[in-house]
Amino acid sequence: MKLIKGGMLVLPDGLVRGDVVLDGAKVARIAASIEATDADEVVDASGCWVFPGFIDAHTHMQCWTGMDWTADSFETGTRAAACGGTTTIVDYATQDKGMTLAEALKEWHSRADGTCTSNYAFHMAMADWNERTRAEVDDMFDAGIVSFKTYFAYDHLRLDDAQTLEVLESIKDRGGILCVHCENGTLVNELQCRTLARGVTGPEGHPMSRPDVCEAEAISRLCYLAELSGARINIVHLSTALGLEAIRDAKARGVDVAVESCPQYLLLDDTRYLEPGFEGAKYVMSPPLRKPHDVAVLRQAVCDGEIDTLATDHCAFNLKGQKDRGVGDFTRIPNGGPGVEHRPALIMTSFADALGPQDFCRLMSENPAKVFGMYPRKGVLAEGADADVCVWDPNCRWTIQAATQHQNVDYTPYEGFEAQGRAKYVFVNGVLVARDGEPTGEKPGSYVSR
Ligand code: URP
Ligand code: ZN
Ligand code: ZN
């Protein structure tokens with residue numbers, strides 16, 4: 001048994017000074033003061049906040065994205081996640097064209113099983129919608145998958161509106177939720193051609209070819225499809241003020257919509273694409289970084305409770321050897337960036353003046369667990385819950401640097417960021433996996449069947 005002693009516990013009712021006992025893979029006891037008599041190990045949490053482990057519900061580990069393999073494997077990505085305080089990721093298992101969902105799921109298990117430091121669950125991304133795929137949806141629920149994904153952009157992945165409607169109808173009865181990449185792919189393709197034809201070939205062409213209307217139109221369309229079907233949807237990586245307006249309209253009509261955003265859309269803006277040389281490629285992700293106005297509006301939406309979850313869309317590619325294949329043609333830069341290690345520190349630092357520990361808990365642990373069917377097993381510090389715990393030192397000051405990160409990639413979009421607060425001790429299934437931001441080498445991560 002492990003005793004976490006003297007921390008400020010982040011509980012649903014408030015902050016309470018107390019102790020927590022982990023017995024095997026479960027939280028066994030929570031009380032104001034617990035004697036150390038039976039504990040094999042006592043962890044000093046004085047001066048720290050004790051959170052239920054953070055959940056990152058949007059990652060792409062060890063994945064072929066149409067242009068290249070992502071740089072982080074499940075092994076390196078979940079180790080980096082754990083170093084930052086994230087104890088569970090929900091990764092996008094992805095069906096390629098011609099593949100069955102069962103094959104995709106088997107493939108994702110073969111990549112992840114036995115290699116993970118943090119726990120992992122899978123959403124099922126569907127790129128080949130047909131009768132055979134439809135017939136497999138029930139099997140996915142039986143295999144512990146309650147969330148699905150479709151794309152409105154990327155030619156090798158996207159479904160049309162009728163197919164998206166059918167997906168929504170097929171998951172509704174069993175309470176599934178559909179996560180959708182909302183960009184109008186037809187429009188993006190056309191604007192990419194026009195941007196290149198004007199002679200704009202560098203990373204600055206990326207945001208020009210994916211303006212905010214591409215996102216807002218797709219969000220609006222998805223919300224109407226959800227309305228037709230009555231199914232639940234999750235708007236992933238919301239990046240624009242215009243998209244938020246479409247969501248507000250849909251909510252006012254009673255559409256059941258959850259909203260995710262990511263640190264990159266809350267901390268960075270599109271001036272990054274103007275960095276010298278090819279440096280702007282670091283920020284080539286879809287949707288792109290937006291205008292300062294969008295950043296300000298989304299930050300306010302986070303504070304106002306309009307954003308349910310904060311995830312990363314961790315999809316790492318090296319600048320050298322991967323992104324640089326797009327020199328001379330921004331459409332050939334692999335889309336995506338890293339973040340799984342740094343999300344809790346980025347959010348807690350940059351929202352320190354506006355939000356407190358309970359808000360951080362809600363956005364990065366409780367709500368992801370609730371939206372994606374893991375609550376109250378995860379997402380809450382409670383007796384009987386899984387022993388995924390992050391002991392957070394809010395006073396630790398440190399600097400985010402590629403040179404010292406654990407993400408397996410040669411840069412970070414947050415180089416030089418002065419962070420306030422760091423994961424001091426991180427437990428996954430009751431096992432200490434990281435201390436002061438460094439991994440212990442343990443790999444207790446297991447599949448979370450939901
Ligand atoms: O650029 C990104 N975000 N790549 C990952 C796939 C996606 O769109 O979520
Ligand atoms: Zn996406
Ligand atoms: Zn993604």
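**Exercise 1: His 181 and its neighbours at ligand 1**

Find the distance between a polar side-chain atom of His 181 and an oxygen atom of ligand 1.

*Solution.* Step 1: the gap from His 181 to that oxygen is 2.9 Å, a polar contact (a pair of N or O atoms within 3.5 Å). This is a predicted model, where local features need pLDDT of at least 70, side-chain atom pairs count only at pLDDT 80 or more, and totals for chains, interfaces and linings use all residues. Residues are numbered from 1 along each chain as written, chains are lettered from A and ligands numbered from 1 in written order, and side-chain values use heavy atoms, without hydrogens or water.

Step 2: now turn to His 60, which has a polar side-chain atom 3.3 Å from an oxygen atom of ligand 1. Asp 313 instead reaches a nitrogen atom of ligand 1, at 2.5 Å.

Step 3: ligand 1 exposes 260 Å² when taken alone, and the protein buries 95% of that (Shrake-Rupley areas, 1.4 Å probe).

Step 4: look around ligand 1, and you will meet residues including Lys 149, Tyr 154, Met 285 and Asn 335 (each with a heavy atom within 4 Å).

**Exercise 2: the zinc ion (ligand 3)**

Work out which residues are the protein donors of the zinc ion (ligand 3), and why its arrangement is called tetrahedral or irregular.

*Solution.* Step 1: the protein donors are His 58 (NE2), His 60 (NE2) and Asp 313 (OD), at 2.0 to 2.1 Å (donors are N, O or S atoms within 2.8 Å of the metal, or 3.2 Å for Na, K and Ca).

Step 2: along the sequence, these donor residues follow the spacing H-x1-H-x252-D.

Step 3: the arrangement is tetrahedral because the 4 donor atoms subtend angles of 86 to 132 degrees (all must lie between 85 and 135).

**Exercise 3: the zinc ion (ligand 2)**

Repeat the analysis for the zinc ion (ligand 2), starting from its protein donors.

*Solution.* Step 1: His 181 (ND1) and His 237 (NE2) are the protein donors, 2.1 Å from the ion.

Step 2: the 4 donor atoms here subtend angles of 57 to 141 degrees, so the arrangement is irregular.

Step 3: finally, link the two sites: the zinc ion (ligand 2) lies 3.7 Å from the zinc ion (ligand 3).

Methods
Polar contact = N/O pair within 3.5 Å; in protein donor to acceptor, adjacent residues only side chain to side chain. Tetrahedral: all angles 85-135°; square planar, octahedral: opposite > 155°, others 65-115°.
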